Amino acid sequence: MQVLIIGGGLAGMTAATSIRKFDKLVNITLVDPKDYMEVHWASVRSIFDPEIASKSTFDIQKWAVAKSVKVLRNTVTKLNPNEATLADGTVIEFNVAVICTGAQTRFPALGRGPPSAQAKE
């Protein structure tokens, strides 16, 4: 069984964690262009409390190793019923796709997160 999760935010990481708890053998691939996950609702509080800021971003790769999830830093440009094409041309075949692309906000990361996050703002 091949599971593709599109989106590495809270929903994508929760989906992968839940699937892994249910099935230890399923192959899970998560596609997201970022190398981190940010808890957006902590942004306002983190202005006043640096400890909150330091705890509101997570390294996706460390989490993925612990959960046996393959992470591809990329974006899906085309999605068919059983395959996805990535921006670099890679084609991923899957049995089940979970789309967790979330919503975008205009609220900046306030200088938190790994250097790759800060460089894009």
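1. Let's start with the charges: the structure holds 2 salt bridges. Keep in mind as you read that this is a predicted model. As background, side chains of opposite charge can pair when their charged atoms come close.

2. One of the salt bridges joins the side chains of Asp32 and Lys34, with 3.2 Å from N to O. How covered are the partners? Asp32 has a relative accessible area of 6%, so it falls under the 20% limit and counts as buried. Lys34 has 26%, so it lands in the partly exposed class.

3. Asp35 makes a salt bridge too, this time with Arg73, and here the closest N and O atoms are 3.9 Å apart. It's worth a look on the structure, because Asp35 sits in the loop between S2 and strand S3 (36-38) while Arg73 sits in the loop between S5 and S6, so the pair ties together parts that are 38 residues apart in sequence. Both ends are partly exposed: Asp35 has a relative accessibility of 24%, and Arg73 has 49%.

4. Now for strand S2 (residues 27-31), which is mostly covered, with 4 of its 5 residues buried. S2 runs parallel to strand S1 (residues 2-6), and 5 bridges join the two. If you want a spot to check by eye, Ile6 stands opposite Val31 in S2. To get from S1 to S2 the chain goes through helix H1 (residues 10-22), and this β-α-β crossover is right-handed.

5. S2 also pairs with strand S5 (residues 70-72), again in the parallel sense, over 3 bridges. Which residue of S5 is the bridge partner of Thr29? Look for Lys70. For anyone rusty on sheets, strands pair through backbone hydrogen bonds, either parallel or antiparallel.

6. Further along there is an open sheet of 3 strands, in the order S6-S7-S8, with antiparallel pairing. Why is one side of S6 and of S8 left without a neighbour in the sheet? Strand S6 (76-79) and strand S8 (91-93) stand at the edges and each has a single partner strand, so there is nothing of the sheet on the other side. On average, neighbouring strands of this sheet are turned by 25° against each other, direction ignored.

7. Within that sheet, strand S7 (residues 83-86) and S8 pair in the antiparallel sense, with 3 bridges. Glu83 is a handy residue to click on: its bridge partner in S8 is Glu93.

8. Thr77 lies in strand S6. Is Thr77 buried or exposed? Its relative accessible area is 55%, so it passes the 50% mark and counts as exposed. Thr77 and Asp88 are 11 residues apart along the chain, and their C-alpha atoms are separated by 9.2 Å.

9. Last, a surface feature. Val44, Ile47 and Phe48 form a nonpolar patch, and together they have about 350 Å² of accessible area. Val44 belongs to helix H2 (residues 43-48).

Key: Residues are numbered from 1 along each chain as its sequence is written. This is a predicted model: local features need pLDDT of at least 70, side-chain atom pairs count only at pLDDT 80 or more; totals for chains, interfaces and linings use all residues. Side-chain values use heavy atoms; hydrogens and water are left out. Patches are made of residues with over 30% relative accessible area and no salt bridge: like charges are joined within 9 Å, nonpolar side chains (Val, Leu, Ile, Met, Phe, Trp, Tyr) within 5 Å. Accessible areas come from the Shrake-Rupley method with a 1.4 Å probe; for residues, only the protein chains shown count as cover. A salt bridge is a side-chain nitrogen of Lys or Arg within 4 Å of a carboxyl oxygen of Asp or Glu. Buried means under 20% relative accessible area, exposed over 50%, partly exposed in between (1.4 Å probe, protein chains only). Two strands pair if DSSP finds at least two bridges between them. A crossover is right-handed if, with the strands pointing away from the viewer, the path from the first strand over the helix to the second runs clockwise. Axes are lines fitted to C-alpha atoms, for helices over the stretch in contact, and angles run from 0 to 180 degrees between N-to-C directions.
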